[in-house]
Amino acid sequence: MEAKRLCSRAGRWRQMHPAAPIFSANSYLVHPTNSLNSSPSSTIPDHQKLNCILEACKFSSDFRTAFQSHAKIIKFGYGTYPSLITSLVSTYAHCDCLDLAHQLLDEMPYWGFDLITANLIIASLMKVGEFDFAKRVFRKMLRRDVVTWNSMIGGCVRNERFEEALRFFREMLNSNVEPDGFTFASVINGCARLGSSHHAELVHGLMIEKKIQLNFILSSALIDLYSKCGRINTAKKVFNSIQHDDVSVWNSMINGLAIHGLALDAIGVFSQMEMESVSPDSITFIGILTACSHCGLVEQGRRYFDLMRRHYSIQPQLEHYGAMVDLLGRAGLVEEAYAMIKAMPMEPDIVIWRALLSACRNFKNPELGEVAIAKISHLNSGDYILLSNMYCSLEKWDSAERVREMMKRDGVRKNRGRSWVELGGVIHQFKAGDRSHPETGAIYKVLEGLIRRTKLEGFMPATDLVLMDVSDEEREENLNSHSEKLALAYVILKTSPGTEIRVSKNLRTCHDCHCWMKILSRLLSRVIIVRDRIRFHQFEGGLCSCRDYW
């Protein structure tokens, strides 16, 4: 309330003095109580100290102290320090005083910032997640260089605005500024996160056209790009055509093979790496252990975990223990996974407890599942869903209801499934039960036809997966509108028979959709590639590349 009152006061002052800079407004607003009235002999605060104060104000929403700090910044001549301007904008935004933040940015032309300073402000705003404000600064700049564009594109990727990163890249290509290796590294990362095969080809082609020299960073990024776009064979071709002298290149290839469930191939690359006398690092072993986990290679996973410590003197980190807990848990060795957690030399993190919880759900161990839940300090919707699903699978409806009541009490909403497909360079997104697409009627009509055909082939909806004590018909309706089914129906609607289908999803694909897509791949004689949160699934001829182990 206090912050809003002061903001309102600032707004009224601005209406009375529209031409005056905001610094005058702030001085006027705070002079009765703040330290601006302190004696001339008072100590001048260091700009780094002011930065720390503003950061504290941001997290505590202490608007009055932020106001006072703003006045001090002006009084002591720190008004052109990019880090302080960034902190001020971010603090005002967090204190719900967007008007002041916007006014601060509106006056940038009056400050006379040079290009380097403006670039630093954009980079700093992106670093603290203030994307919209960084974009506002960018739009006000009269001149931009490659650093400006790189800060915007890289910032978009860092803040998970991947499509926006591609839009900025296209805009850059139409400007008089040429992209460099750093530009392409960010754009490649954005394409990889989107899983955009179309853009992957365009970006790679542009790199060749503009004669961008491949270094180990770009080489690793290209392998990662094609792996995450579901084109593992292209990733292999890139790997085989480049220098292998940096460990990051090997790591990208091993991790790419791991997410495609090609554990034996990943192990083969590791052996080749050893033969070429390239020393693996901790990331290499995360990739190898992940590959073993996706394919149930428990003994091999144990061997590599031991090799890492004994032969390469690499001490296991949280990620390595997490991979081992996941490996053991997926294989049904839930008690052994819990024993490993208890034997860890460091405190297990939330990821490790979630891996155990997931294993408890899959292998119906509610007692240990409750132990895992108790150890997770900040439960998200996925944690509640796992526990509730576990009770539902055991038909413990009262316990499942208790979990749902906990979700309501804690204000936790279920994270909705979201899937997306790329057609003609355009990304189409779908949510579970989505009816917002312009072609919704046609999509559901295609989907209903596909479901009827799969049922004739023996498909039975896995209604036990729906965490509600409702009728089988209602459960089946819930399953039929999963986001990946809607996305797949849309691709079938818009493409010709035989075309390969690629779908990306933000969550782990469920057992029902997995079984359905296996049958559908055989019925339609199509290859269906699904990238979920964990790995790739390639459905072909009624089988999946994961061999039903995921």
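**Sheet, helices and a pocket: how we know**

Me: Which residue of strand 4 does V503 stand opposite?
Reply: V503 stands opposite V530. This is a predicted model.

Me: What makes strand 3 and strand 4 a pair, and in which sense do they run?
Reply: Two strands pair if there are at least two bridges between them. Strand 3 and strand 4 have four bridges, so they count as a pair. The sense is parallel. Another match on this side is I501, which stands opposite I528 in strand 4.

Me: What makes strand 1 and strand 3 a pair?
Reply: The cut-off is at least two bridges. Strand 1 and strand 3 are joined by two bridges, so they meet it. These strands run antiparallel. On this side, S419 stands opposite K505 in strand 3.

Me: What makes strand 1 and strand 2 a pair?
Reply: Six bridges join strand 1 and strand 2, against a cut-off of at least two, so they pair. The sense is antiparallel. L423 has V426 in strand 2 as its bridge partner. Two residues lie between the strands of this hairpin, and there G424 takes a positive phi near 60°.

Me: Why is the pairing in the sheet called mixed?
Reply: Both senses occur, therefore the word is mixed: strand 3 and strand 4 are parallel, while strand 1 and strand 2 are antiparallel. Six strands make up this open sheet, in the order 2-1-3-4-5-6.

Me: Why are strand 2 and strand 6 called edge strands?
Reply: Strand 2 (426-431) and strand 6 (543-544) each pair on one side only. That is what earns them the name of edge strands.

Me: What makes strand 3 mostly covered?
Reply: Buried means under 20% relative accessible area. Four of the five residues in strand 3 are buried.

Me: Which strands does helix 12 lie across?
Reply: Helix 12 (residues 181-194) lies across strand 1, strand 3 and strand 4. The angle to strand 4 is about 110°.

Me: Why does S483 count as buried?
Reply: The cut-off is under 20%. S483 has 1% relative accessibility, so S483 counts as buried. S483 sits in helix 28 (residues 483-494).

Me: Which residues is S483 in contact with, leaving aside neighbours within four places in sequence?
Reply: The contacts are G417, R418, S419, F430, K431, A432 and K505.

Me: Why is S279 called exposed?
Reply: Exposed means over 50%. S279 has 53% relative accessibility, so S279 passes the cut-off. S279 is in the loop between helix 17 (263-275) and helix 18 (282-295).

Me: Which residues does S279 touch, not counting those up to four places away in sequence?
Reply: S279 touches V247 and M273. S279 and D246 are 33 residues apart in sequence, and their C-alpha atoms are 9.3 Å apart in space.

Me: Why is K364 called partly exposed?
Reply: Partly exposed lies between the 20% and 50% cut-offs. K364 has a relative accessible area of 46%, so K364 falls in that range. K364 is in the loop between helix 22 (350-362) and helix 23 (366-375). K364 is not a glycine, yet it has a positive phi of about 50°.

Me: Why does S525 count as exposed?
Reply: S525 has 59% relative accessibility, and the cut-off is over 50%, so S525 counts as exposed. Its place is the loop between helix 29 (511-524) and strand 4. S525 also has a positive phi, near 55°, in a residue other than glycine.

Me: How many cubic ångströms of space lie in the second largest pocket?
Reply: The space is about 350 Å³. The pocket is lined by 26 residues, and the closest to its centre are G195, S197, E422, L423 and R502. Helix 13 (197-209), strand 1 (418-423), strand 3 (501-505) and strand 4 (528-531) each give two or more residues to the lining.

Me: How many residues of this lining are nonpolar, polar and charged?
Reply: The lining of the second largest pocket has eleven nonpolar, nine polar and six charged residues. Gly counts as polar, so G195 is on the polar side of that tally. Glu and Arg count as charged, so E422 and R502 are among the charged residues.

Notes
Residues are numbered from 1 along each chain as its sequence is written. This is a predicted model: local features need pLDDT of at least 70, side-chain atom pairs count only at pLDDT 80 or more; totals for chains, interfaces and linings use all residues. Side-chain values use heavy atoms; hydrogens and water are left out. On a 1 Å grid over the protein atoms alone, a cavity is a set of points where a 1.4 Å probe fits but cannot get out, and a pocket is an open set with protein on both sides within 12 Å along at least five of seven lines; lining residues have an atom within 4 Å of a point. Grid points are joined across faces, edges and corners, and a volume is the space filled by probe spheres set on the points. Contact means heavy atoms within 4.5 Å. Axes are lines fitted to C-alpha atoms, for helices over the stretch in contact, and angles run from 0 to 180 degrees between N-to-C directions. Buried means under 20% relative accessible area, exposed over 50%, partly exposed in between (1.4 Å probe, protein chains only).
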